[in-house]
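Let us look at a structure together and ask, for each term used, what justifies using it.

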There are 2 protein chains.
Amino acid sequence: MQKGFKLAMCQLQVNIDKRKNIENAFRHIDLAAQGGAELVILPEMFTCPYNIKLFDEYSENETDGETIAALSKKAKELGIYIFGGSIPEKENDKTYNSCFVFSRKGEVIGKHRKMHLFDINIKDRIEFKESDVLTAGNEVTVIQTDLCKIGVAICYDIRFPELSRKMTLMGAELLVLPAAFNMTTGPAHWELSIRTRALDNQFFVAAVSTARDENASYVAYGNSMIADPWGSIFARAGVSEEIIFAEISKEKIDRIRNELPLLKHRREDLY
Amino acid sequence: MQKGFKLAMCQLQVNIDKRKNIENAFRHIDLAAQGGAELVILPEMFTCPYNIKLFDEYSENETDGETIAALSKKAKELGIYIFGGSIPEKENDKTYNSCFVFSRKGEVIGKHRKMHLFDINIKDRIEFKESDVLTAGNEVTVIQTDLCKIGVAICYDIRFPELSRKMTLMGAELLVLPAAFNMTTGPAHWELSIRTRALDNQFFVAAVSTARDENASYVAYGNSMIADPWGSIFARAGVSEEIIFAEISKEKIDRIRNELPLLKHRREDLY
């Protein structure tokens, strides 16, 4: 990692018009770059309401998808990294929940397909079953950039400690998490999960939610936030559209890993 | 697991007199049993001030240790399980930080030796190096009882997600954690770690600290607490001597594992 850099997390409102969602993302990415961000993160399913009945209609192929082409152009124009939240991606009749990552030159330098599908059924609260329409990805995604080494996970992926640990052992210094927790799991587990993965792995976790829309069929929790390697939240959004900026510091990782050497104390001989 | 049972967590003050520490533990264990607890947990190093210079002097052999004999007798007398916090254990010139577990008949049915030694050096805050005098254990400890299957870890062991996950996969429904976090790591990480291990593994975590003594060389955080499989704290102590009781319910584990099937969604093919 270089000494440090600024990133921006765009908590976006999503509506039914895909083109408007892309334009709205563009406005926020422009503002983020004007604010000095070298890396911009969008939320999960930012082009499409989070509703399994719509994923197919809004899906894109990597080769000719309009969102992918648009984000590529925008990254190149601004000379920044864009972590494109996620979109429904179609390949060979299968649909994935995928995060495309763009370099400063607009190249796709990584793609994470959500590995853990969100199938949940909490009595009288929430029922959701991604696996009815989505296929899970099979790859752990860690990307080398000129800023630092970055792991990518999507929403429910955060719940599995094995995944973030694996990314850490692959060298990740920052975990980027496009997400959309809801009004049941959000208050209960969102901050807890973000803080813990950061603390256990002594890296930064930048978790970006869609904004809250009380009229949507799936109401997102909002509260995008970033945790440092000590497990402390040092920037967080409310529930509406918002950009939050944060400084990623190499010194902070090194200092905390030295003072509290968790990663060195792992008993690799026993687990 | 049977349907449910009551446990008690004894947050004890420790002083320099070993015999008085044992007597004090006895008083609390009696009260816990009177309160209906079938399982009683004591804190880490409850016979000995938490100071590496004293561990050797206070250590005991399993075969003739006075604390071990006393707890065995007490468990048998009351017909309850006792998780004997921890004591310095001596074997072949090596000293371990060990939790002895006693059945209703007073038998030693398990012993956990702290697997991760606490070596920490936070500038101007706290320095502690267990590895100067202690040897780490090499065994994951999960014990079958007639109440439920119980994992045992000691203090710093909680920081390693691999360990609690391994216990879960071995069938643990409750993690017992004798501990003594301090005034730096306690406020920052104690509750977070307890809640997260419970949530990620969808089991109960009962974490028992020594009481706070502002005059001790190592000031314990106190705040013994228990988290349920949803990651919620449902009973907690303050900082002084105290017994807290909690109901462990099989139904709660089953319901949460069914509604939010994290353990079923693990990608064992990928990690």
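Q: How many salt bridges does the rule find across the interface of chain A and chain B?
A: The rule finds 6 salt bridges there, in a predicted model where side-chain atom pairs count only at pLDDT 80 or more, local features need pLDDT of at least 70, and totals for chains, interfaces and linings use all residues. Side-chain values use heavy atoms, with hydrogens and water left out, residues are numbered from 1 along each chain as its sequence is written, and chains are lettered from A and ligands numbered from 1 in the order in which they are written.

Q: Why is the meeting of Arg197(A) and Asp200(B) called a salt bridge?
A: The term asks for a side-chain nitrogen of Lys or Arg within 4 Å of a carboxyl oxygen of Asp or Glu. The side chains of Arg197(A) and Asp200(B) meet at 2.9 Å, N to O, so the pair satisfies the rule.

Q: Which element gives the most to the side of chain A that touches chain B?
A: That element is H5(A), with 9 residues; helices here are DSSP runs of H or I with at least four residues, strands are runs of E with at least two, and both are numbered from the N terminus.

Q: Which residues of helix H6 of chain A are called buried?
A: Ile253(A), Ile256(A) and Glu259(A) are buried, a word that means under 20% relative accessible area (exposed is over 50%, partly exposed in between; 1.4 Å probe, protein chains only).

Q: What puts these buried residues on the same side of H6(A)?
A: They cover an arc of only 145° around the axis, taken from the directions from the helix axis to the C-beta atoms, and therefore lie on the same side of H6(A).
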